[in-house]
Amino acid sequence: MSESSQIGGDPHPHPGPGAPLDPEVLLELEQGLDLDTDAKNLSLESDATTLVQHQHHQQLTAPTFRALERLIINSDDPLPAGPVGVDYGVLENGLHYYVRKNAKPRERAALALGVKVGSILEDEEERGVAHIVEHLAFSATRKHTNHDIIRFLESIGAEFGACQNASTSADETIYELMVPIDKPDILSQALNILAEFSTEIRISDEDLEKERGAVLEELRGGRNAMGRTQEAHWMLLMKGSQYANRQPIGLEKVIKNVTASRVKDFYHRWYRPEYMAIVAVGDFPNTEDVVELIKCHFEERKPHTEYKSLVTIPTFPVPCHEEPHFSCFGETEAGGSAVMMSCKVPAKQDTTVADYRFLIAEQMFHSALNQRFYKVSRHKNPPFFSCISSSENLVRPVKAYIMSANCQERGTLQALEQMLTEVARVRRHGFSEREIALVRAFLMADIESAYLERDQMQSTSLREEYLQHFLRGEPVLGIEYEAQLQKTLIPDISAAEVTRIAEYYHTKCNCVIKTLEPRARATERDLKAIVAKVQALEGGDIASWDEEHIPDSIVDKLPTPGVVVQSKEFSDIGATELILSNGMRVSYKRTEFLDDQVLVSGYAYGGLSEVAESDFLSCSMGSTIAGEIGAFGHKPSILSDLLAGKRAEVGTKVGAYMRTFSGDCSPTDLDAALQLVYQLFVSEVEPADEEVQLVMQMTLEGIKAQERDPFTAYANRVRELNYGNSYYFKPITAKDLINVDPKRSCQYFNSCFKDPSGFTVAIVGKFDIETALPLILQYLGGIPKPETPVMEYTRDELSALPFTFPAEVVREEVRRSMVEAQCSVQITFPVELKGPNVMEEVHYTGFICKLLETKIMQVLRFKHGQVYTVAVSAFLGGSKPSRFGNVRGDVAVSFSCDPDVAWKLVDFSLDEVKRLQEQGPTSEDVSTILELEQRTYENGQQENGYWLDRLLRAYQSRAYTGDLIYSMQAQEQWRDAVKSQATDVTMKEALCRILPVPCNEHHTAVALIPRAPRLQQLLTNLIRTEQNLSKESKVALAAAGLVVIGAIIWRYTSRH
């Protein structure tokens, strides 16, 4: 069960692959981004510094990663038996507990109740009951009724969905909470809720009836093309075992008809303290008090009376099979063609150094093989567009080695042959020492980063570690020991040792091979023939891997460094601004949040809104084509090898009003990140026929996949309706692709990142400025400034996006044929923010979106039980990022539901919005929204991304005229003004001011509805017509109908 919300800047709904780039929401980045985290308090700069002081002190006394000594170990040495670095124990009733003090996020606790009970334990008549129990937990317990738990969580800022979640799998159920602990008794109350989940979930007829609709909607939502494909593959993998028929979502007939007594019996039988663990990781003053709280709430929990004696959890083996199992699956709504190969092995616990060494070798194997797959996917006429090798524990008794490839239509056999050939090539010739050296560098960089940030881990990550220790027996070694262990083992793992992992990909190893196509064209005989062909090839002559030439460095010739022509210190926020000799503005801020992170981001005004309609398609494809060819002066496959052992990446985006680049790197690799930025500006992307053909082929396959998806037609109609059929918001079609000029695409991309004088760059993270400044001057200051300005724009002269919202109410159904009935609904209201306080209105928009989401969810799910989740989001990117003028966009309400009740739920939603406009929210509603915003606000302050955002928003703000501090203070004042004014009265006024009044007289509503089968449509029309005909006409019509139906049946049978 997972509900989430979004206040984002993209138009609704989000397009899939192959659509043009979304317009940025860039009034000035305050608009359209997550408004809950918009502006933060400058005074908390000092609090953020305090937060890291303890961590900094610890690290002053701890050795650096490079100073860690290698261990003296033997392969049969045992790994630490218990979880390291956590208070761990077992209560008298058998319940396990894990408690860990962790400072990130500050004044928060990540809690979880793990239960070794999943759908595998259900009887045939109970299929889906384990998941129903999970749903009912949040509905009512002995002490909490009518979704009081959700209201409590929201009242303390623990948003339902984003901060708390629950999930059910075949083997386990997990309940999670993320709660603030800065107020008395909140931790105790949260632990009490989890304690009630353990033994006191209320399961009555009334509770069950209320929740059936939400569970059915979750079932319906999972029955799309991806869901059906996953289910078919799961059944093939688990064939012959109980797992094959115990998917957690269960059966529709059980969800509709199971009795409360049956659900209660399952709950009482299996929910026992012995099968549970409570995990608490957070910013606690001490762990002893938390352990005592756990004992207080959990120690007296006993098994239910009728099941006092221990009911042992049985094991469910998955049968072995020497010969491969094959399947050719046809899915008319498939998002593409694919082939998957899974080889199953028994799962085992890792208890010795040898076991751990094997895991590292396995990781190295997947990394090296995936590098080869990537290079193959970039060849001329590649057999696949992407291919991935991995391994994972599928269920308690089974682990699988998995390869999966996405390919062009009718290309599954070629993709399978290449996959098997590459593994056979590894078995025959192994990996080269150079390949293994690259992989070693990647792994060493990863473990070094983890070690450096060992005191800055998120509590949720540690919580997951301890859950897996309890549920799956995964070792918890502690990062200090694990870093030493990896530093000891990685250099000694040979290419031959890594190569041996390829033996697990033999087709004789419980192998399952499956193809997925929109229409099944491959046959089992074809798959068997491919397997036999590769086996014969491996036994004969298979060529060794041909390695690419890799240059020595990212930059061929070091640029001449620029100089600083102007410098400003902003001590209030700890930032410094530099104007470089090429005109680029650089603003940097040093933080202590993460020891191994530096963020870099730059922007310049001017984007796709300035492009003529006739040129738009080609220019909008610029980033895609450049990304595949190599935007940084090297092919992506070569650049990947160049960056081996470095943690540095940079990406680009060309949006409606801005061109941006953004990067993330380790402080030690800041030079590499800045070199990539330099290469972005000085390299000329030139389209070669082979590379362009590959990009176009991949894009075309994505477009075809979209056209098969019923949701695409619905999403396209929503866009077309709400944005007046504007060319900017239209998705690219297969017909459009023919008109794309790759040369023009690359020319436009090159011009977007050519002139450094228009760019403002922000750098935030833990770096030494004495080291960083020379790099900034060399690689940013060294970017040559063109003699003539390129794409020189000011924010006030940019062209606004062309779109027009309908002037009246529009309700439409988009009917599409579907394999299984799906229904999506979107209600959209036009928004235009006006007046001198327009930026305060932006904040109000964020608040009313969250208010509407909460209240409509209460109506549609908690009152009527008809939806799984509701999302309310704002798009405020319709206006150009000028310092003046109004802000245009829309607010959208979206949900999925049973097609039969779609319009009834639309009316319920509109009624609720209208009620809020007329009566206003309660003061409790407003308090909840403010608390949610405040908690998000506090969490954001502990992240580098937040401060990077603050710097960029300050420069892009309407208030910015050259004074950065004034701009940042203005942002804060806008937020403070809204929060201080927020009452039930002012929120009611905002609802009337921002949304149309009455809301039900100006909106659009679009519903995706299944189209009835043609034969059913024909019969329906015949029945309707028959009611208005004479007796003679009815006889003639009946005869004609029989002829038509006979013709349809004949065509169908002859085709099959």
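**Rings, helix contacts and unusual backbone**

Phenylalanine 803 is buried, with a relative accessible area of 9%. Here buried means under 20% relative accessible area, exposed over 50%, and partly exposed in between, with a 1.4 Å probe and protein chains only. The model is predicted: local features need pLDDT of at least 70, side-chain atom pairs count only at pLDDT 80 or more, and totals for chains, interfaces and linings use all residues. Residues are numbered from 1 along each chain as its sequence is written, and side-chain values use heavy atoms, leaving out hydrogens and water.

Start with the rings. The structure holds 34 aromatic pairs. Rings of Phe, Tyr and Trp (its six-membered ring) pair if their centres lie within 6.5 Å; planes under 30 degrees apart are stacked, over 60 edge-to-face, and the rest tilted. One pair is tyrosine 401 with tyrosine 505, edge-to-face at 6.0 Å centre to centre and 75° between the planes. Tyrosine 401 lies in strand β10 (residues 398-407) and tyrosine 505 in the loop between α15 (495-499) and β11 (511-517), so the pair ties together parts 104 residues apart in sequence. Helices (H or I, at least four residues) and strands (E, at least two) are DSSP runs, numbered from the N terminus. Tyrosine 401 is buried at 1% relative accessible area. Tyrosine 505 is buried too, at 1%.

Now return to phenylalanine 803. Its ring centre is 5.5 Å from that of tyrosine 723 and the planes meet at 85°, so this pair is edge-to-face. It links distant parts of the chain, 80 residues apart: tyrosine 723 sits in the loop between α22 (710-722) and α23 (734-737), phenylalanine 803 in the loop between α25 (769-780) and β19 (810-816). Tyrosine 723 is buried, at 1%. Both rings belong to a cluster linked by ring pairs, with Phe616, Tyr727, Tyr728, Phe729 and Phe875.

Phe616 leads to helix α17 (residues 613-620), where Phe616, Ser618, Cys619 and Ser620 are buried. The buried residues of α17 pack against α18 (622-629) and α24 (742-752). Contact means heavy atoms within 4.5 Å.

Charges also meet rings. The charged end of lysine 116 sits over the ring of phenylalanine 470, 4.4 Å from its centre. Arginine 993 lies over the face of tyrosine 844, 5.3 Å from the ring centre. The test asks for NZ of Lys or CZ of Arg within 6 Å of the ring centre and within 35 degrees of the ring normal.

Next, a helix pair. Helix α29 (residues 944-956) and helix α30 (residues 964-981) pack at about 100°, axes 8 Å apart. They are therefore roughly perpendicular, a label for angles of 65 to 115 degrees; under 35 is roughly parallel, over 145 roughly antiparallel, and the rest oblique. Axes are lines fitted to C-alpha atoms, for helices over the stretch in contact, and angles run from 0 to 180 degrees between N-to-C directions. Arg950, Leu951, Arg953, Ala954 and Tyr955 in α29 meet Leu964, Ser967, Met968, Gln971 and Glu972 in α30.

Finally, the backbone. Most residues other than glycine have a negative phi, and most peptide bonds are trans. The bond from lysine 104 to proline 105 is cis, with omega near 0°. Another cis bond joins valine 997 and proline 998, at an omega of about -10°. Arginine 410 has a positive phi of about 65° and is exposed, at 60% relative accessibility. Methionine 791 has a positive phi near 50°, but is buried, at 16%.
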